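Below is a note for a colleague who is meeting this structure for the first time. Please keep the model open while reading the numbered points.

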Amino acid sequence: MDTEKNIALRKQAVAASRQIIVKAGTRLLIDRASIAKLVDGIAMLRKRGHRVLLVTSGAVGMGMELAGLEKRPKELAQKQALAAMGQTRLMNIYAEEAARHGFQVAQLLLTASDLRNRSRYLNVMNCINALWERDVLPIVNENDSVSVAELKFGDNDTLAGMLTSLTGAQMTVLLTTVDGLLGRNSDGTLGERIPVVEKITEKIRSLAGETDDSDLSTGGMASKLRAAGLSTASGAWLWIADGRMPDIISRILDGEDTGTLFLPEEHKVPGRKRWFGFFSRISGEITVDAGAQKAVLGKGGSLLPSGVTGVDGEFKRGDTVDICGADGRPFARGLVNFDSSDCRKIMGKHTAELPEILGTSAEAELIHRDHLILLER
């Protein structure tokens, strides 16, 4: 892509983004001075008329500093304790630095279950909108002091992508310790920065490599690409940039050629599909044959029982399930019309056979197209 088009896209992204989700990783929040620098950049965004939500890491790292530790502990209880210690100090610093610029902050600590439950999901969305209406900066972190594996987002990159979808923000900015997504040389070593990604393909996903130090933080480029998938599918831009660069947020606002910009998908996922596609708990898997996979992916069809070859897990009607191809990889997700026991009875059967098998009338579709989202787009 030529330089002129690259810069034009970056300026377009900034101009189109009234609401921006900014995520800062642990390795950028090493001391008060670095936090002050981040808040300075956020203040600049706000002065330019953007509504900002900050996704912050750093609670565990701050707790490690208070406890005099250099290496992140592996025991869950120890990490939870450090998060509880560090979160209070982290928020105090944010509040004091924001006060220098004349605005207030508010803390939201979330677990994955807060977004998997539809009513709590809506409550989070309404709370954020109310804070924006009051001109308050929402600061969100995963609630590490209570989270266990099944309640975790995995990393704050993913959380940022989810919040972009939830709020309808137009841009996600991931501030990290690398200058965007790097290509690969023929010998497998890291190559030059990729300035713009128009579509997230398997080739792009293959470029992901760990960029963070697990002794201090979690995540890496793979998690940032997951966030990019969530954001771009929601119709938003995503910008990965090096948060260590001087005045990085100012450079982004000016549309400079820094980091990697991911373009929004042309056909974004509708809001009613994003909740079960991105947030709801996956209760099981349905495996299908090649014909059914082609019908769903290529022809925009619903999933019929005749194409199903396997059912894994125990679930109820209305639960969210993954749809997998013969290779076992999920390619779609949807709300199922039958519980798992009935799915096993009717798998491989034609629609006309269902009333006799189930002893009652039934939907023709195992998963209707209106309740289905593609994971491969």
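1. Where is the place of Asp-135? Asp-135 is found in the loop between H6 and strand E4 (137-142), the labels for helices (H or I, at least four residues) and strands (E, at least two) being DSSP runs numbered from the N terminus. Its phi is positive, about 65 degrees, although Asp-135 is not a glycine. Most residues other than glycine have a negative phi.

2. Before going further, please note that this is a predicted model, in which local features need pLDDT of at least 70 and side-chain atom pairs count only at pLDDT 80 or more, while totals for chains, interfaces and linings use all residues. Residues are numbered from 1 along each chain as its sequence is written, and side-chain values use heavy atoms, with hydrogens and water left out.

3. A second positive phi in a residue other than glycine belongs to Asp-247, with a value near 55 degrees. Asp-247 sits in the loop between E9 and helix H10 (248-253), and its relative accessibility of 56% makes it count as exposed, where exposed means over 50% relative accessible area, buried under 20% and partly exposed in between (1.4 Å probe, protein chains only).

4. The strands build an open sheet of eight, in the order E3-E4-E2-E1-E5-E9-E10-E8, with mixed pairing; two strands pair if DSSP finds at least two bridges between them. Strand E3 (105-110) and strand E8 (196-197) are at the edges and have a single partner strand each, so one side of each is left without a neighbour in the sheet.

5. Strand E1 (residues 19-24) has six of its six residues buried, so it is largely enclosed by the rest of the structure. In a regular strand the side chains alternate between the two faces of the sheet. Both faces of E1 are covered, with Gln-19, Ile-21 and Lys-23 buried on one side and Ile-20, Val-22 and Ala-24 buried on the other. Ahead of this strand, Arg-18 lies in the loop between helix H1 (3-15) and E1, and Arg-18 counts as partly exposed at 47% relative accessibility.

6. On one side E1 pairs with E5 in the parallel sense over five bridges, and Lys-23 stands opposite Leu-174 in E5. E1 also pairs with strand E2 (residues 51-56), again in the parallel sense, over six bridges, where Ile-20 stands opposite Val-52. The chain passes from E1 through H2 to E2 in a right-handed β-α-β crossover, a term that applies if, with the strands pointing away from the viewer, the path from the first strand over the helix to the second runs clockwise.

7. Helix H2 (residues 32-47) has 16 residues and reaches 22 Å from its first C-alpha to its last, close to the 22 Å expected at 1.5 Å a residue, the expected span being 1.5 Å times one less than the number of residues. At its N-terminal end Asp-31 acts as a cap, with a side-chain oxygen 3.3 Å from the backbone nitrogen of Ala-33. Gly-49, which follows H2, has a positive phi near 95 degrees.

8. The buried residues of H2 include Ile-35, Leu-38, Ile-42 and Arg-46. Arg-46 lies over the face of Phe-103, at 4.0 Å from the ring centre, the criterion being that NZ of Lys or CZ of Arg is within 6 Å of the ring centre and within 35 degrees of the ring normal.

9. Six of the six residues of E9 are buried, so this strand too is largely enclosed by the rest of the structure. Strand E5 (residues 171-176) and strand E9 (residues 237-242) run parallel and are joined by six bridges, with Trp-237 as the bridge partner of Met-171 and Trp-239 as that of Val-173. E9 pairs with strand E10 (residues 260-262) in the antiparallel sense over three bridges, and there Trp-239 stands opposite Leu-261.

10. Which aromatic pair does a search of the whole structure find? The search finds one, and the rings of Tyr-121 and Phe-279 have their centres 4.9 Å apart and their planes at 65 degrees, so the pair is edge-to-face. Rings of Phe, Tyr and Trp (its six-membered ring) pair if their centres lie within 6.5 Å, with planes under 30 degrees apart counted as stacked, over 60 as edge-to-face and the rest as tilted. Tyr-121 in helix H6 (residues 118-133) and Phe-279 in helix H11 (residues 271-279) are 158 residues apart, so the pair links distant parts of the chain. Tyr-121 is buried at a relative accessible area of 5%, and Phe-279 is buried at 3%.

Methods
A polar contact is a pair of N or O atoms within 3.5 Å; within protein, one must be able to donate a hydrogen and the other to accept it, and residues adjacent in sequence count only if both atoms are side-chain atoms.
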